[in-house]
Amino acid sequence: MATVCPVASLHQEANPSRLKVGSVKTLAESSNLTSIPSHYAFTTSASSDQAVHSDHDDSIPVIDFSLLSSSNPDQRHKVVSDLAKACQDWGFFMVINHGVPEGQMKAMVDMLMGFFDLTEEEKREFEGKHVLDGIRWGTSFNTSVDKVFFWRDYLKVRVHPKFHCPSKPEGFSEVLAEYVGVVRKLARGLLKGISESLGLEPGYIDEVMNMDSSLQRLTANLYPPCPQPELAMGMPPHSDHGLLTILMQNGIGGLQVHHGGKWVKIDPIPNAFLVNTGDHLEIMSNGKYKSVLHRAVVNNKDTRISIILSNGPSLDTVVTPAEQLVDGESNRAMYIGMKYKDFLELHQSSVLDGKSVLERVKI
Ligand code: OGA
Ligand code: NI
């Protein structure tokens, strides 16, 4: 039987006297920047760390979302088995025919570019302090614990069950509300197919994860051009918490996925979403669908923006392996139960490092 893990001392700020840290955008825009400050320098990468393009016969899976609502049982069967394969082999897939209009995706990119273009002073108004604050603008990951800073500014906004949005730029909240609504539908549709692909009722995940009040969070990542991209890191290797992460970007590549022992470059495809399975899908599927390490590298020419919606259970859900997928013998439960909220706090107070938080709930 799953137990709830007590998580002590999560509420303390790691370093209350932390220095104010400026944004990477301001740094990148400062004149004559030809090298990066030393606290942005990662150790140089080993050759095993170099990224490759994916093989022709093993490229990132593509899921045609429209087939999940097909009235043709063969088509539905096919897309459910495509999902099973995608979740099991890659943990990352592209979604096409997702029904989100191109104009809506572009409006989000423009709005977020507009947000990052606000002055540093204007943005400071949205600097949250705690992982559960509705709006948090900042830089790196958690500047009070990061040992090396990442070449990335971010805006994180909780959009469900309660909707938050910065008051600037004008019109942001309309664009955001519409976008997160359609992406929530997409996430729930995909989770239905994923439930089925695990041999569960289509509505199983939706129900046990209390998706009516699911935590949905927007993260916009801004990666300004970097004079020494080979030394800096946009985001280090990590897995995502939650069930499904749905990402789009402004046509500039930088995402790499750990697959088959290598870092594989993921080229942006216009108007497609990139979806990956999170730690809580790994827990719920009892390790059948593993969350996958990914990272973001930076370049010296173009500003890249990625707009991510993470779709998790409700904050109060204690996530455990599905009862149907475990027994007392060969399929014993491999994870203890933990409330999503506790997991999140643990995540934010730790150094972003691979799957270290998930490791803590492994039996
Ligand atoms: C993230 C993430 C990758 C990217 O924000 O969790 O993995 O390409 N971002 O920005
Ligand atoms: Ni991620």
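Which residues does UniProt give for the feature "domain: Fe2OG dioxygenase"? I looked this up before anything else. The UniProt record, an unreviewed entry, places the feature at residues 213-313. The model I am reading is predicted.

**Entry: the annotated stretch.** I took the secondary structure over residues 213-313 and found 6% helix and 43% strand. The C-alpha atoms at the two ends of this stretch are 8 Å apart.

**Entry: the nickel ion.** I then asked which protein atoms serve as donors to the nickel ion (ligand 2). They are NE2 of His-238, OD of Asp-240 and NE2 of His-294, lying 2.1 Å from the ion. I wrote the spacing of these donor residues in sequence as H-x1-D-x53-H. Asp-240 and His-294 link distant parts of the chain, 54 residues apart. Asp-240 is in the loop between strand S7 (235-238) and strand S8 (244-249), while His-294 belongs to strand S12 (residues 294-296). I checked burial for these two donors, and both Asp-240 and His-294 are buried.

**Entry: Gln-256.** I located Gln-256 in strand S9 (residues 255-259). Is Gln-256 buried or exposed? Gln-256 is buried, because its relative accessibility is 6% and the cut-off for buried is under 20%. I looked for a side-chain partner and found Arg-295, whose side chain makes a polar contact of 2.7 Å with the side chain of Gln-256. I also listed what Gln-256 touches, leaving aside neighbours within four places in sequence. The contacts are Ala-51, Trp-263, Val-264, Lys-265, Leu-293, His-294, Arg-295 and Val-297. I note that His-294, one of these contacts, is also a donor to the nickel ion.

**Entry: Ala-296.** I found Ala-296 in strand S12. It counts as buried because its relative accessibility is 3%. Ala-296 and Gly-254 are 42 residues apart in sequence, and their C-alpha atoms are 5.2 Å apart in space. With neighbours within four places in sequence left aside, Ala-296 is in contact with Tyr-223, Met-233, Gly-234, Met-235, Gly-254 and Arg-304.

**Entry: aromatic rings.** How many aromatic pairs does the structure hold? I have 6 aromatic pairs on the page. Among them, Phe-115 and Phe-126 form a tilted pair, 5.8 Å centre to centre with 55 degrees between the planes. I placed Phe-115 in helix H3 (residues 102-116) and Phe-126 in the loop between helix H4 (120-124) and strand S4 (135-139), 11 residues apart. Both Phe-115 and Phe-126 are buried. Tyr-179 and Phe-273 form another tilted pair, 6.5 Å centre to centre with 50 degrees between the planes. Tyr-179 is in helix H5 (residues 172-197) and Phe-273 is in strand S11 (residues 273-277), 94 residues apart. I have Tyr-179 as buried because its relative accessibility is 1%, and Phe-273 as buried because the value there is 0%. I also noted one aromatic cluster, formed by Tyr-40, Phe-149 and Trp-151.

**Entry: cysteines.** I looked for disulfides and the structure holds 0. I then checked the burial of two cysteines. Cys-165 counts as buried because its relative accessibility is 17%, under the 20% cut-off. Cys-226 is buried too, with a relative accessible area of 1%.

Notes
Residues numbered from 1 in each chain as written. Chains lettered and ligands numbered in written order. Predicted model: local features only at pLDDT ≥ 70, side-chain atom pairs only at ≥ 80, totals over all residues. Heavy atoms only, no water. Disulfide = S-S within 2.5 Å. Buried < 20%, exposed > 50% of the residue type's maximum accessible area, 1.4 Å probe, protein only. UniProt positions renumbered as here; feature names shortened; annotations may be inferred. Helix = DSSP H or I, 4+ residues; strand = E, 2+ residues; numbered from the N terminus. Donors = N, O, S within 2.8 Å, 3.2 Å for Na, K, Ca; no water. Polar contact = N/O pair within 3.5 Å; in protein donor to acceptor, adjacent residues only side chain to side chain. Contact = heavy atoms within 4.5 Å. Phe/Tyr/Trp six-rings, centres within 6.5 Å; stacked < 30°, edge-to-face > 60°.
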